Amino acid sequence: MGTSLSREGEDLSDSESDYLSEEEEEVHYDAIERQETPQSTSSTSSRKALEEIDTKLKFLKLKYPNSQHALTNRPVKLYLHIGGNTPAAKWVVSDKLTSYNFVKTCKIEGNDDSDQEEDSHGGDSYFWIVIVGSKVRARVSTEMQLKMFGDQRRVDFVNNGVWALKFFTDEEYRKFLTQFQDCLFENVYGLEATEENKIKVYGKEFIGWVKPEIADDTMWEDAEGDTASGKSTPVRVNQDLIEEFEEAANGGVQSLTLGALNNSFLVNDLGVQVYRNYRKGIHGKGICVKFDDRSGTISEQSTPKKAMLMRAETNMMLMSPLKEGKPHSTGIQQLDIETGKIVTGWKFGKDGTEITMRDITNDTKGSQLDPSESTFLGLDDNRLCQWDIRDKKGIVQSIGGESPVLHWSQGHQFSRGTNFQCFASTGDGSIVVGSLDGKIRLYSRTSMRQAKTAFPGLGSPITHVDVTYDGKWVLGTTDTYLVLICTLFTDKDGKTKTGFSGRMGNKIPAPRLLKLTPLDSHLAGVNNKFHGGHFSWVTENGKQERHLVATVGKFSVIWDFQQVKNSAHECYRNQRGLKSCYCYKIVLKDESIVESRFMHDNYAVSDSPEAPLVVATPMKVSSISLSGKRSQG
């Protein structure tokens, strides 16, 4: 379906009758907002409107007479966005004068999906919801995708549609945000949002995460290039996204594996499809390496979901899950790409016992280019280790019979539940690990036993993690947002280091969030979640990644890395809490996207700010170029 760009919601301008049913009535309510008597209406009408507010407030109080958790009702104006992404899209007034309320309850009326109402913390099943008149009842959560417009005293959010609340005073706007954030904290952590409990959750070292307004943002200014003007704005036209190639992928695509040299690969139900790398993307060679598995291990399991290149990209490690829907595997298969044969099926084992792994990755960001590479990293729920495919006795493993057991080179098996989910390596072999509780841990290349730094979770599981080549920036993916973390700190001797090499002390920069606007989140679909957030790909010291990409539903979403790092960027103005960036470009496809990745920096051309983006769906693979032209809007 080609390419598309982020769609910022139009301003809620009370002077534009396009958003309203009756222009004259809008003048009246603006006057109430200013506490003036409008010339276009009588004082009787004003009193009638105020009585209407009073009646509605009384109704809400009567509806929850015994709730000790109900907060004070406040008057607001409610808007609804209609028309989706069509030319006819606009905001209309849904309720010209209503009120909001935060209530603690155990069930949202009218919601048939009872599973969504279960408290993930167990015990007390009560949680906070926000009610707006009779039209909105929503659990306070990140799924609402709340977006702030401080200059308009407005918030937008998703709840079976895209809504906007406009407040009549700055005080009411600020009060709503404070109550929303406090309720969100309690819903996530099961603790009242007191200063003491916030320190308990985040730790004293992360005071900047609790109070972003006092956080030390100087490290974010490490962004290269001229960003002092703060005028870097989102691109409003789509000429800078050019679809170079699109071709059939023979169906059933499970994963995309890009090479930095000549070839890239798609794994599907048939085997491994080989593509040629070009400066404008990848193009099929018409070659399919079918799973000729002499050890029988692939045929016994499902189609491989994970593929990793090794040994100058002449070999590929394939990992198949034991059960559909679960990533854990008891072994891998080593595919010789040049011969098209599975040469060995390896088992994961430690101390004579078969174990599982949920993920594998290369020792470093560039080690797949090393022709002598024989080790790689493994991750399971409570294990972090390095595997060696060389036999420890120096004997070449033979094919046939039982699969040989990989040599556990180094690592650690944690006794308590770390619930590791995903990991990635830097250019020097340091390791970042994301967990189910949202924590992100940094390990040095010399020790897998103890994390040098552990960033607290923000309440959502980390489903994917990536890190820049130099280790200065970490990108965590959750279902509803991406979290970008700066690992830089200054030690007691005044030297700048990363959190991979030492403890960061108490001046840790607050993270930044990358989000979809409420409208785009709604268009992406209720059940579609972010996955696979990546930096663009460099494997050379001194080069900086320039973009970030993640996938949600039929969208590939691209952020400008320099823009996100720029503290003066317009997205961050008038925000409260952690800074959130909503400026991005969207590549829209006609089916759900399996994976989106930037090609290696080797394939960036002179007139482009980035190497091509490759987007794989179950049936097709596309290559998208980013032109050097940028349009300011």
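Which residue takes a positive phi in the hairpin of β24 and β25? The residue is Gly-429, with a phi near 95°. This is a predicted model.

## The β24–β25 hairpin

The hairpin has 5 residues between its strands. Strand β24 covers residues 420–425. Most of β24 is covered, with 5 of its 6 residues buried. Its partner, β25, spans residues 431–435. The two strands run antiparallel and are joined by 5 bridges. Within this pairing, Ala-424 stands opposite Val-432 of β25.

## Salt bridges

The structure holds 22 salt bridges. Three of them are listed here.

| Acid | Base | Closest N to O |
|---|---|---|
| Glu-186 | Lys-104 | 2.5 Å |
| Asp-217 | Lys-579 | 3.1 Å |
| Asp-601 | Lys-543 | 2.7 Å |

Take the bridge between Lys-104 and Glu-186. Lys-104 lies in strand β3 (residues 90–105) and Glu-186 in helix α3 (residues 170–189), so the pair ties together parts 82 residues apart in sequence. Both Lys-104 and Glu-186 are buried.

Next comes the bridge of Lys-579 with Asp-217. Here both partners sit in loops: Lys-579 between α8 (561–565) and β37 (580–581), Asp-217 between α5 (207–210) and β9 (241–248). The pair therefore ties together parts that are 362 residues apart in sequence. Lys-579 is partly exposed, at a relative accessible area of 23%. Asp-217 has a relative accessible area of 18%, so this residue counts as buried, the cut-off being under 20%.

The bridge of Asp-601 with Lys-543 also starts from loops. Asp-601 is in the loop between β39 (595–598) and β40 (613–616), and Lys-543 is in the loop between β34 (531–535) and β35 (547–552). The pair thus ties together parts 58 residues apart in sequence. Asp-601 is buried at 13% relative accessibility. Lys-543 is partly exposed, with a relative accessible area of 35%.

Salt bridges can also share partners. One network of this kind joins Glu-243, Glu-246, Lys-589, Asp-590 and Lys-620.

## Aromatic pairs

The count of aromatic pairs comes to 18. Tyr-100 and Phe-167 form one that is edge-to-face, with 5.9 Å centre to centre and 80° between the planes. Tyr-100 lies in strand β3 and Phe-167 in strand β8 (residues 162–167), so this contact ties together parts 67 residues apart in sequence. Both Tyr-100 and Phe-167 are buried.

How far apart are the ring centres of Trp-473 and Phe-561? They lie 5.7 Å apart, and the planes stand at 85°, so this pair is edge-to-face. Trp-473 belongs to strand β29 (residues 473–477) and Phe-561 to helix α8, so the contact ties together parts 88 residues apart in sequence. Trp-473 is buried, with a relative accessible area of 0%. Phe-561 is buried, with a relative accessible area of 0%.

Tyr-100 and Phe-167 also belong to one aromatic cluster. Its other members are Phe-102, Tyr-173, Phe-176 and Phe-180.

## Charges over rings

Two arginines place their charged ends over aromatic rings. Arg-139 sits over the ring of Phe-127, with its charged end 4.0 Å from the ring centre. Arg-512 sits over the ring of Trp-220, with its charged end 4.2 Å from the ring centre.

Technical notes: Residues are numbered from 1 along each chain as its sequence is written. This is a predicted model: local features need pLDDT of at least 70, side-chain atom pairs count only at pLDDT 80 or more; totals for chains, interfaces and linings use all residues. Side-chain values use heavy atoms; hydrogens and water are left out. Buried means under 20% relative accessible area, exposed over 50%, partly exposed in between (1.4 Å probe, protein chains only). Helices (H or I, at least four residues) and strands (E, at least two) are DSSP runs, numbered from the N terminus. Two strands pair if DSSP finds at least two bridges between them. A salt bridge is a side-chain nitrogen of Lys or Arg within 4 Å of a carboxyl oxygen of Asp or Glu. Rings of Phe, Tyr and Trp (its six-membered ring) pair if their centres lie within 6.5 Å; planes under 30 degrees apart count as stacked, over 60 as edge-to-face and the rest as tilted. A charge sits over a ring if NZ of Lys or CZ of Arg is within 6 Å of the ring centre and within 35 degrees of the ring normal.
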